[in-house]
Amino acid sequence: MQKSPCTALPLAVAALLVFSTAATAKDVALSGDFAGEHGAAGQPSGHVAATLDTTTHQLKYTIDYKGLSGPVTIAHFHGPAKPGVEAGVMKLIPGPYKTGMSNTVTIDAETQSAMLDGATYVNLHTKAHPKGEARAQMTVDGSAGM
């Protein structure tokens with residue numbers, strides 16, 4: 001069956017949009033290592049590994065940590081902030097909070113821009129350190145995937 005030009009043109013445009021969007025989708029790998037902050041008496045350590053889909057704004061992450069004074073009470077992505085500078089919350093990291101936690105969250109355009117600029121950090125808060133006990137500044141790894 002032959003399609004009329006009125007039917008074929010919208011289909012061609014739709015196909016072009018689908019393929020051009022797929023071609024521009026980019027996964028960006030991000031990571032950061034935890035260090036103590038706000039007078040943490042212990043030596044918190046650990047790592048955050050993440051993959052950001054810059055088209056869908058989906059951030060898939062895994063967070064491992066140890067050496068905190070107690071259980072994590074809340075965790076966030078903070079920014080925009082360069083290393084050593086504090087900033088407000090950009091995105092809540094949903095619990096339950098335990099080492100090895102992994103999830104996918106949707107971030108907004110401002111958070112994505114800050115992440116790609118190396119201006120976000122993960123903050124782990126505990127009862128003893130409600131302003132944050134461990135911080136991992138996120139940087140772009142330069143390799144895709146996780």
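The following paragraphs lead the reader through the structure, from its overall arrangement to individual residues. The model is a predicted one.

The protein contains two helices and eight strands. Followed along the sequence, these elements appear in the order α-β-β-β-β-β-β-α-β-β. Of the 146 residues in the protein, 36% are buried. The accessible surface amounts to about 8100 Å², and carbon and sulfur atoms contribute 61% of that area. The contacts also show how the chain folds back on itself. Among contacts in the protein with a separation of 6 or more, 63% are between residues 24 or more positions apart.

The pairing of the strands may be considered next. Strand S1, residues 27-36, pairs with strand S2, residues 45-53, in the antiparallel sense, and seven bridges join the two. Within this pair, Val28 stands opposite Leu52 in S2. S1 also pairs in the antiparallel sense with strand S8, residues 134-140, over five bridges. Here Gly36 stands opposite Ala134 in S8.

From S2 the path continues to S3. These two strands run antiparallel and are joined by nine bridges. One of the pairings places Ser45 with Lys66 as its bridge partner in S3. The hairpin of S2 and S3 has four residues between the strands, and His57 takes a positive phi near 65° in this hairpin. S3 has a further antiparallel pairing, with strand S6, residues 101-106, over six bridges. In that pairing, Ile63 stands opposite Met101 in S6.

Strand S3 itself illustrates a general principle. In a regular strand the side chains alternate between the two faces of the sheet. Which residues of strand S3, residues 58-66, point to the face where the side chains are buried? They are Leu59, Tyr61, Ile63 and Tyr65. Gln58, Lys60, Thr62, Asp64 and Lys66 point to the other face and are not buried. Ile63 therefore appears in two roles, as a buried residue of S3 and as the residue opposite Met101 in S6.

A single residue of another strand can be examined in a similar way. Met90 lies in strand S5, which spans residues 89-93. Is Met90 buried or exposed? Its relative accessible area is 15%, and because the cut-off for a buried residue is under 20%, Met90 counts as buried. Leaving aside residues up to four places away in sequence, Met90 touches Phe77, His78, Gly79, Pro80, Glu110, Thr111, Ala114 and Thr120. One of these residues, Thr111, is 21 residues from Met90 along the chain, and the C-alpha atoms of the two are separated by 6.4 Å.

The last feature concerns charged side chains. Side chains of opposite charge can pair when their charged atoms come close. The protein has one salt bridge by the rule applied here. It is formed by the side chains of Asp117 and Lys82, with a distance of 3.5 Å from N to O. This pair links distant parts of the chain, 35 residues apart. Asp117 belongs to the loop between helix H2 (109-116) and strand S7 (120-126), whereas Lys82 belongs to the loop between strand S4 (72-78) and S5. Asp117 is partly exposed, with a relative accessible area of 49%. Lys82 likewise counts as partly exposed, at 41% relative accessibility.

Note on methods
Residues numbered from 1 in each chain as written. Predicted model: local features only at pLDDT ≥ 70, side-chain atom pairs only at ≥ 80, totals over all residues. Heavy atoms only, no water. Buried < 20%, exposed > 50% of the residue type's maximum accessible area, 1.4 Å probe, protein only. Contact = heavy atoms within 4.5 Å. Areas by Shrake-Rupley, 256 points an atom, 1.4 Å probe, with all protein chains shown as cover. Pairing = 2+ DSSP bridges. Salt bridge = Lys/Arg side-chain N within 4 Å of Asp/Glu carboxyl O.
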